[in-house]
Amino acid sequence: MKVLANDGISKSGILALEKGGFEVITTKVAQEQVANYINENNVSVILVRSATKVRKDIIDACPGIKIIGRGGVGMDNIDVDYAKSKGIHVINTPASSSESVAELVFAHLLSGVRFLHDSNRNMPLEGDTKFNDLKKAYGNGTELRGKTLGIVGIGRIGQATAKMALGLGMKVIAADSFIPSVDVKVEFFDGQSVTTTIVPQSLESLFKEADFISFHVPAQNGYILTEKEFATMKDGVGIVNCARGGVINEVDLVKALDSGKVAFAGLDVFENEPTPATQLLMHPKISLTPHIGAATGEAQDRIGTELASQIISLLS
Ligand SMILES: O=C(O)[C@H](O)COP(=O)(O)O
């Protein structure tokens, strides 16, 4: 049987699938050609990340598809319920990338509080002539230790983020509509561990109390963060979004950054992917990454092998 991994798959995933008797195709087929390609090549399994959309049109056009696999967490690019109604298995790998996303959150937070993103833009341009001016401009950093991190969505990725925050000596608060309480265990190399219970509170109180806010929620139908919510936050709050574009109203975010209400933002995801708004890309207070939360060798290895084992157990 043939597997089309249209947004790529790790070498370990390919090897595991081949060992299970599958042929893996890693050709990148253009979105509008996917259905034809699947039919012409008798593909049984289509694997995607966030780039390729598997909507009703492809599902209807490809009766030979047995599994749609998402290498990662968010299924917003797949018509999951419709596929299931047609008897197609829809799988993903919800646990594989939590640590990688959480680490990226801290890359943005640390960049934000010490201006790394802006310093990296300006040092190559002016670092030789204006070193001391730049030293002054970036010389009023903030420590994360002792500050309050508000985590919106305390599922797997939220918990991995909480663990790292606790390890850094931060206070962690959370808001979550579904999870009443979580025990977050921070384990150290010497075998010791500390468990902290986090009881989610209202979003409104989180916005008021947090020094930094990080989002870990699925794709939303409306914004969670607009002008109205920014107004309730502490002055100088830092915002990180490594979840989904559309969680934050980007126009309101830029206004809040320009007014100083928000000190910095770290964005991995955008309302318009793959063409984020220019005012975000050019903003000196925004640390930017191009949707790479899960893009580490370790996470992609786990994702590939997990997809392979699910496919083998479903189709063998
Ligand atoms: O939902 C996810 O798993 C992340 O957004 C990662 O997306 P990617 O696989 O396109 O990197």
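This is a short walk through a predicted model, beginning at its ligand and moving outward to a few residues worth finding on the screen.

Let us start with the ligand, which sits in the largest pocket. Around the ligand you will find Arg49, Ser50, Arg70, Gly71, Gly72, Val73, Gly74, Arg244, His291 and Ala294. Several of these residues come with a distance you can check for yourself. In Ser50, an N or O atom of the side chain is 2.4 Å from an oxygen atom of the ligand. For His291, a side-chain N or O atom is 2.6 Å from a ligand oxygen. Gly74 takes part through its backbone, where an N or O atom lies 2.8 Å from an oxygen atom of the ligand. The ligand taken alone exposes 320 Å², and the protein buries 90% of that.

Next, pick out Arg244, one of the residues around the ligand. Arg244 belongs to the loop between β11 (237-241) and α11 (250-259). Is Arg244 buried or exposed? Its relative accessible area is 14%, so Arg244 is buried, the cut-off being under 20%. The side chain of Arg244 also makes a polar contact, at 3.0 Å, with the side chain of Asp76. Leaving aside residues up to four places away in sequence, Arg244 touches Arg70, Gly74, Asp76, Pro218, Ala219, Val269 and His291.

That last name brings us back to His291, which lies in the loop between β13 (286-288) and α13 (297-315). His291 counts as partly exposed because its relative accessibility is 25%, and partly exposed covers values between 20% and 50%.

Now for some backbone geometry. Most residues other than glycine have a negative phi, and most peptide bonds are trans. Against that background, His291 has a positive phi, near 50 degrees. Phe115 is also not a glycine, and has a positive phi of about 60 degrees. You can find Phe115 in the loop between α5 (98-114) and α6; at 23% relative accessibility, Phe115 counts as partly exposed. As for peptide bonds, the one from Glu273 to Pro274 is cis, with omega near 10 degrees. Pro274 is located in the loop between β12 (262-267) and α12 (278-281).

Our final stop is helix α6, which spans residues 116-126 and contains Asp118. Which residues does Asp118 touch, not counting those up to four places away in sequence? They are Tyr138 and Pro284. Asp118 counts as buried because its relative accessibility is 14%.

Methods:
Residues numbered from 1 in each chain as written. Predicted model: local features only at pLDDT ≥ 70, side-chain atom pairs only at ≥ 80, totals over all residues. Heavy atoms only, no water. Helix = DSSP H or I, 4+ residues; strand = E, 2+ residues; numbered from the N terminus. Buried < 20%, exposed > 50% of the residue type's maximum accessible area, 1.4 Å probe, protein only. Contact = heavy atoms within 4.5 Å. Near = heavy atom within 4 Å. Polar contact = N/O pair within 3.5 Å; in protein donor to acceptor, adjacent residues only side chain to side chain. Areas by Shrake-Rupley, 256 points an atom, 1.4 Å probe, with all protein chains shown as cover. 1 Å grid on protein atoms, 1.4 Å probe; cavity = no way out; pocket = protein on both sides within 12 Å on 5 of 7 lines; lining within 4 Å. Sits in = over half its atoms within 2 Å of the grid points.
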